[in-house]
Structure formats: structure tokens, C-alpha cells
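Colleague: I would like a close look at one part of this predicted model, taken slowly and with its surroundings kept in view.

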Amino acid sequence: MPKPIPFIKPEFPQIEEVAKDLELIYNNNYYSNNGPIYYKFINAMESYLGQGLHVVALNNATTAMMLVMKACFKSDKKYVALPSFTFPAGPLATQWCGYVPLFFDIDKNTLQPSQASFKQIYRKYGKDMAGILLINEYGIGNDQIDEWESLSKDLDIPLIIDSAPGIGSTYPDGKLLGARGSCEIFSMHATKPFGIGEGGLITTKDKGLAESIESLKNFGFDDHKLADKEGLNAKITELDCAIGLRILKNYETILRKRRNVYASYERLLINKRVRFIPFADKASIQFATILVAADERSKILRNLKDNKIEARTYYAPPLHYQPLFKDSPRGDLKNTEEISKQVISLPVHNDMATETIEFICRVVEEAMHG
Ligand SMILES: Cc1ncc(COP(=O)(O)O)c(C=O)c1O
């Protein structure tokens with residue numbers, strides 16, 4: 001019987017290295033509240049991402065989105081426009097900030113948020129829109145990011161971008177994610193390619209915005225340690241930052257390995273009925289998403305399960321089918337409905353043997369021919 005293949009296999013720094021970091025933290029006697037390792041980490045991330053970016057690190061991407069919405073969106077408006085085809089963190093942050101999620105569709109080819117669909121909901125809800133939460137789906141850089149920025153400017157609606165798994169992904173122009181919209185938000189959750197356990201990043205060209213978020217994540221304190229805005233505690237610990245520094249040191253290798261795994265899937269799954277997502281090869285590759293015919297998907301998922309291969313169906317069901325958001329307003333979500341019946345997300349690990357990828361591909365193909 002084959003060994004189970006997990007969907008995700010986090011790879012942490014060696015325990016001896018983490019022990020050294022802990023020793024340093026003990027010696028510093030500084031565990032949180034932007035200690036010395038915090039600044040070392042954000043400086044290192046700023047150098048890595050380049051583009052004149054300011055980086056704020058926090059406890060996770062969901063609270064990061066809440067704080068960004070607080071700082072960037074129009075508080076006198078009601079709706080936050082976002083695609084229904086994503087993870088619930090975005091609409092949850094939306095509701096925590098007192099806004100109503102307003103769903104629009106994705107593009108059928110790229111699976112990225114559709115401008116045509118956005119324009120449709122804008123006609124009805126535009127004057128009440130507080131902001132746009134764009135998603136770089138699966139951490140893939142949106143090929144229409146210039147157009148989204150222009151649209152946001154022309155309509156005077158702030159644009160923020162959830163790039164959660166996309167640390168190290170590039171836009172089609174070759175530039176690293178992080179510099180678009182008012183800011184981009186990344187997750188460093190253990191399941192992400194840049195996984196440290198729990199953690200989030202905000203990246204922005206706007207120094208003032210970075211400073212506001214720094215304050216918001218620390219109870220909204222001003223320079224006199226008085227709460228003057230509605231912040232919360234979203235600080236990251238020194239240990240998490242130390243782990244982040246270790247991951248960053250090795251990150252080019254991690255990205256190369258993950259992209260090689262993805263390239264093997266593309267090479268081996270040659271069945272014409274399997275489709276890959278445009279520009280996905282330029283992403284950080286959290287997992288490998290394929291699209292298959294809706295009426296073949298359950299057969300493939302069953303065969304994967306029978307062979308102890310853990311696969312998922314991100315993002316199905318889409319948000320507008322999830323209990324909390326079932327009554328949220330929406331545009332026509334035809335593509336979201338269709339695509340969410342076709343997606344299968346296959347496992348990607350840093351160290352995945354070619355035979356393992358071959359085996360997974362065989363299991364997928366076998367179900368399609370059976
Ligand atoms: C697209 C997207 N946004 C946000 C999040 C939330 O990230 P975090 O777990 O760091 O809050 C996730 C988590 O998986 C995600 O996939």
C-alpha cells in the first residue's frame with residue numbers, strides 16, 4: 001500500500017537553529033513588541049522585496065486585512081467589493097470592520113477577479129463602495145494589475161490586495177508582488193510557501209500607511225502610548241521573526257524547488273482535458289491547481305483518496321455558498337460557479353520526489369480514462 005501523501009508539508013528550520021534563536025531571545029530578554037529581531041526581519045524583507053517598499057509584520061494576514069481596511073477604506077461607505085472565489089479571511093475581515101462583502105465574479109481563463117463583473121456591480125453599488133479587496137488568486141500576480149490600479153484611481157475607490165501565499169511570486173512583468181494598490185497583504189501561516197507558523201506582512205510604498213499600521217497593530221497607540229485610534233493587538237513575536245529570517249535565507253532554494261514540482265505536474269499531466277492556470281508558474285506555488293471537466297472531478301478526487309493522496313478543491317464551495325455569506329449582495333457569479341466545480345488542488349512539498357509527482361499524475365490520468 002502506498003504511503004499517504006499529505007497536501008502540505010511544512011518545512012521548519014533545523015531545531016538546533018531555532019534553539020540558537022531562542023537563546024538569543026532569552027539573552028535579549030525581549031519577546032515581542034517590535035524587538036531587535038523584528039527590525040532585523042522587516043529590514044531583510046524590505047531588501048528582498050525591493051521596489052522601495054515598507055514592510056510591517058504582524059500576527060497573521062486576517063488581522064492584517066482588518067487593520068488595512070481600517071486605515072485605507074472609506075468609513076462612511078457600506079460595501080467592500082471582492083471576488084467570491086477566495087478564502088473566507090477577506091470577507092471576515094470586511095465584516096469585522098463593519099462593512100458588507102459585495103461579491104463579484106472571476107475571469108474564466110485566468111481565474112483572477114473580473115473587471116467586467118466589477119464594473120457591473122459598480123453600476124448598482126458604486127456610490128456606497130468603501131473599497132476593493134482584490135485577490136491575487138493562489139498568490140498568482142494579476143495580469144491586469146495596471147488596469148485595476150487605474151480603475152481604482154479613476155473611481156476614487158481604494159484598492160488593497162490579498163496576495164496571501166504569494167511571497168516571492170512575480171507579476172507577469174517580472175516584478176515581485178508587494179508594490180501594487182495601497183498595499184498588499186501576505187500570510188506566513190505554516191501552510192504557505194513562506195511558512196513560519198502564524199504571521200502576516202503588509203507591504204506598501206506609502207511610508208505613512210506603514211506607520212499607521214504599526215500603530216494600529218499596537219492598540220492604536222500614538223507616540224505618547226495613548227490609544228487614539230481603533231487598533232488592536234496584532235503584534236508578532238520575536239521567535240516568529242527569527243524563524244522568518246531563517247526561512248528567508250533559504251527562500252530562493254525553496255521557490256526553485258516548488259516551481260520545479262509545479263513544472264513536473266505541467267509536463268506530466270498532458271491530458272488535453274487538464275488545464276493549468278496562466279502565469280501560475282511565476283507564483284510561489286502553495287499547491288498545484290488544475291482544472292478538469294466538472295463531471296470528471298469526483299471520480300478523480302475519489303481515486304486520489306483511494307490512493308491516500310490528499311487533494312483539496314480550492315475554492316469550492318465559493319464564499320457565497322458559505323453560511324455566513326449566503327445573503328451577501330453579489331453580481332452574476334456564473335464563472336465562479338462553473339470554475340469552482342472544476343478545480344482540484346494537488347500537493348506540493350519543497351522536497352517532492354519525481355516518482356511521487358509521477359504517481360499522483362498517474363492516479364489523476366487513470367481516473368480520467370477509467
Ligand atoms: C487568500 C487568503 N487570504 C488570507 C488568508 C489568511 O491568512 P492567515 O491565516 O495568515 O490569517 C488565507 C489563508 O489561508 C488565504 O488563503
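How many bridges join strand S4 (residues 129-135) to S5, and do they run parallel or antiparallel? Please continue from there to what else involves strand S5, and then to the pockets and to Ala 280.

Modeller: Strand S4, residues 129-135, is joined to S5 by four bridges, and the two strands run parallel. One pairing can be followed residue by residue, since the bridge partner of Leu 133 in S5 is Ile 160. The connection between these strands involves helix H6, residues 145-155, which together with S4 and S5 makes a right-handed β-α-β unit. S5 also pairs with strand S6, residues 183-187, again in the parallel sense, over three bridges, and here Ile 161 has Glu 184 of S6 as its bridge partner.

As for the side chains of S5 itself, which spans residues 159-162, Leu 159 and Ile 161 point one way while Ile 160 and Asp 162 point the other way, and all of them are buried. In a regular strand, side chains alternate between the two faces of the sheet.

Turning to the pockets, the largest one holds about 420 Å³ of space and is lined by 27 residues, with Phe 87, Ala 164, Ser 187, Thr 191 and Lys 192 lying nearest its centre. Helix H3, residues 61-72, supplies the largest share of that lining, namely three residues, and by class the lining of the largest pocket comprises 13 nonpolar, nine polar and five charged residues. The second largest pocket, with a volume of about 250 Å³, is lined by 13 residues, of which Asn 34, Glu 214, Ser 215, Asn 218 and Lys 225 lie nearest its centre. Helix H7, residues 207-216, gives the most to this second lining, with three residues, and the lining of the second largest pocket divides into two nonpolar, four polar and seven charged residues.

Ala 280, finally, is found in the loop between strand S8 (275-276) and strand S9 (288-291), and this loop residue counts as buried because its relative accessibility is 7%, under the 20% cut-off for that term. If its neighbours within four places in sequence are left aside, Ala 280 is in contact with Ile 140, Tyr 262 and Ile 285. The C-alpha atoms of Ala 280 and Phe 194, which are 86 residues apart along the chain, are separated by 17 Å.

Methods:
Residues numbered from 1 in each chain as written. Predicted model: local features only at pLDDT ≥ 70, side-chain atom pairs only at ≥ 80, totals over all residues. Heavy atoms only, no water. 1 Å grid on protein atoms, 1.4 Å probe; cavity = no way out; pocket = protein on both sides within 12 Å on 5 of 7 lines; lining within 4 Å. Points joined across faces, edges and corners; volume = space filled by probe spheres on them. Nonpolar A, V, L, I, M, F, W, Y, C, P; charged D, E, K, R; others polar. Buried < 20%, exposed > 50% of the residue type's maximum accessible area, 1.4 Å probe, protein only. Pairing = 2+ DSSP bridges. Right-handed = clockwise from strand over helix to strand, strands pointing away. Contact = heavy atoms within 4.5 Å.
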